Amino acid sequence: ARPRRDLVYPTGRVPRRCKNNPSVRIMQWNILAQALGEGKDGFIRCPMDALNWQERKYLILEEILTYSPDIVCLQEVDHFYDTFHPIMSSLGYHSSFLPKPWSPCLDVEQNNGPDGCALFHRSSRFSLDASSHLRLSAMMLPTNQVAIVQMLKCRVTGRQLCVAVTHLKARSGWERLRSAQGADLLHNLRSITSLGVQSNTGPVAVPIVVCGDFNAEPSEDVYWRFSSSPLGLRSAYKLLSSDGQTEPPYTTWKIRPSGESCSTLDYIWYSHHALSVDCLLDIPTEEQIGPDRLPSYHYPSDHLSLLCDMSFREDV
Ligand code: NDP
Ligand code: CA
């Protein structure tokens, strides 16, 4: 069975359901590109059977359907056109996809095309005001990493929400590139959201949510850039910890020939002045993940899905 994960309310109490301001459920997940999982990653403790796409796709879709998020941000999508776009459309989601310019999936024999980022929103909840497909730059040079940034409008509250999904450069030795890519994304977010709506008291910054596989531990420069940017972003998953200041111990856990790798690389950032986090999906325990780690027959990716409910703050 899939590991059982509970919704945790960080303030200790379940917030009142508000008809005029219902929460927005957001999912962040690196779903593991099929071509990379089978052809490149070398997950030596994961049976090849568990990576069979015809079964694995149902576990991914089950995870999405179980929690039924309003916004879904995915990385390593290499089955957009034949799977996620048609299925998510039939479930009432608007879909966008941006492949990496030189996806490593293309090096794998019998690949299904490049992998990239995908962003979905429930059409009954949001309309799409504007969309940007970004190729991230570093030191003025284009890189192989991308981001989708969309301006959505909530059909219930009339409020705008800027949502971004990204997947930064992987591996150690590339910390400075990740930091520069993060700076480029922040710069883009600043210019996109500064064009926001006017209120009686002047311009109001549009609330932002950034979901990503940053491939960076919290100690890295890119994490610091995000947490100290003038956009006022905070990392939602810190709220799971008892002090509210600590990221989870891991968001990905796998065993390759080079050894075991257990790290925190995935984040949901949000504008804390305009949004509040009502609840978060708990991180499975080491026992639930099991001795062979991820992926497995029970869990289809080497990264865990992150999920939270957010509300627009009433006082802004
Ligand atoms: P990244 O280094 O960002 O990583 C690509 C993928 O590899 C990620 O999805 C990452 O997963 C995964 N990965 C991370 N660590 C390991 C590991 N130890 N073993 C196996 N996989 C791992 O890739 P780039 O975007 O920089 O692309 C690099 C590849 O792209 C090259 O190998 C080449 O094939 C191709 N390329 C080709 C070019 C050309 O001119 N033809 C130009 C540029 C790239 P996760 O994020 O989950 O950690
Ligand atoms: Ca990967």
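**The cavity**

Start with enclosed space: there is 1 cavity of 30 Å³ or more. A cavity here is a set of points, on a 1 Å grid over the protein atoms alone, where a 1.4 Å probe fits but cannot get out. A volume is the space filled by probe spheres set on such points, with points joined across faces, edges and corners. For the largest cavity that volume is about 30 Å³.

This is a predicted model, in which local features need pLDDT of at least 70 and side-chain atom pairs count only at pLDDT 80 or more, while totals for chains, interfaces and linings use all residues. Residues are numbered from 1 along each chain as its sequence is written, chains are lettered from A and ligands numbered from 1 in the order in which they are written, and side-chain values use heavy atoms, with hydrogens and water left out.

Select E76, K100, D115, G116, C117, N144, Q145, V146 and H167, which line the largest cavity; a lining residue has an atom within 4 Å of a point. Two elements, β5 (116-122) and β7, give two or more residues to this lining. Helices (H or I, at least four residues) and strands (E, at least two) are DSSP runs, numbered from the N terminus. The largest share, 3 residues, comes from β7. By class, the lining has 2 nonpolar, 4 polar and 3 charged residues. In this scheme Ala, Val, Leu, Ile, Met, Phe, Trp, Tyr, Cys and Pro count as nonpolar, Asp, Glu, Lys and Arg as charged, and the others, Gly among them, as polar.

**Ligand 1**

Next, select ligand 1 and show its surroundings. It has 19 residues around it, and the closest are E76, K100, D107, H167 and K169; a residue is near if one of its heavy atoms lies within 4 Å. This shell consists of 4 nonpolar, 6 polar and 9 charged residues.

Now look for polar contacts, meaning pairs of N or O atoms within 3.5 Å.

- K100: a polar side-chain atom is 2.7 Å from an oxygen atom of ligand 1.
- H303: a side-chain N or O atom lies 2.8 Å from an oxygen atom of the ligand.
- N30: the distance from a side-chain N or O atom to a ligand oxygen is 3.4 Å.

On its own, ligand 1 has 920 Å² of accessible area, and the protein covers 72% of that. These areas come from the Shrake-Rupley method with a 1.4 Å probe.

**The largest pocket**

Keep ligand 1 in view, since the space it takes is the largest pocket. A pocket is an open set of points with protein on both sides within 12 Å along at least five of seven lines. A molecule sits in a pocket if more than half of its atoms lie within 2 Å of the grid points. The largest pocket holds about 760 Å³ of space. Its lining has 32 residues, and D41, A170, R171, N215 and R256 lie nearest the centre. Colour β7 (141-154), α4 (175-193), β13 (252-256) and β14 (259-263): each supplies at least two lining residues. The classes here are 8 nonpolar, 9 polar and 15 charged.

Zoom in on R171, in the loop between β8 (160-167) and α4. Its phi is near 80 degrees, a positive value in a residue other than glycine.

**The second largest pocket**

Move to P15, R16, S276, D278 and S311, which lie nearest the centre of the second largest pocket among its 18 lining residues. Both β16 (275-281) and β17 (306-312) give two or more residues to the lining. The volume is about 510 Å³. The lining divides into 7 nonpolar, 5 polar and 6 charged residues.

**A last stop**

Finish at P295, in the loop between α6 (286-289) and β17. A cis peptide bond joins L294 to P295, with omega about -10 degrees.

Technical notes: A polar contact is a pair of N or O atoms within 3.5 Å; within protein, one must be able to donate a hydrogen and the other to accept it, and residues adjacent in sequence count only if both atoms are side-chain atoms.
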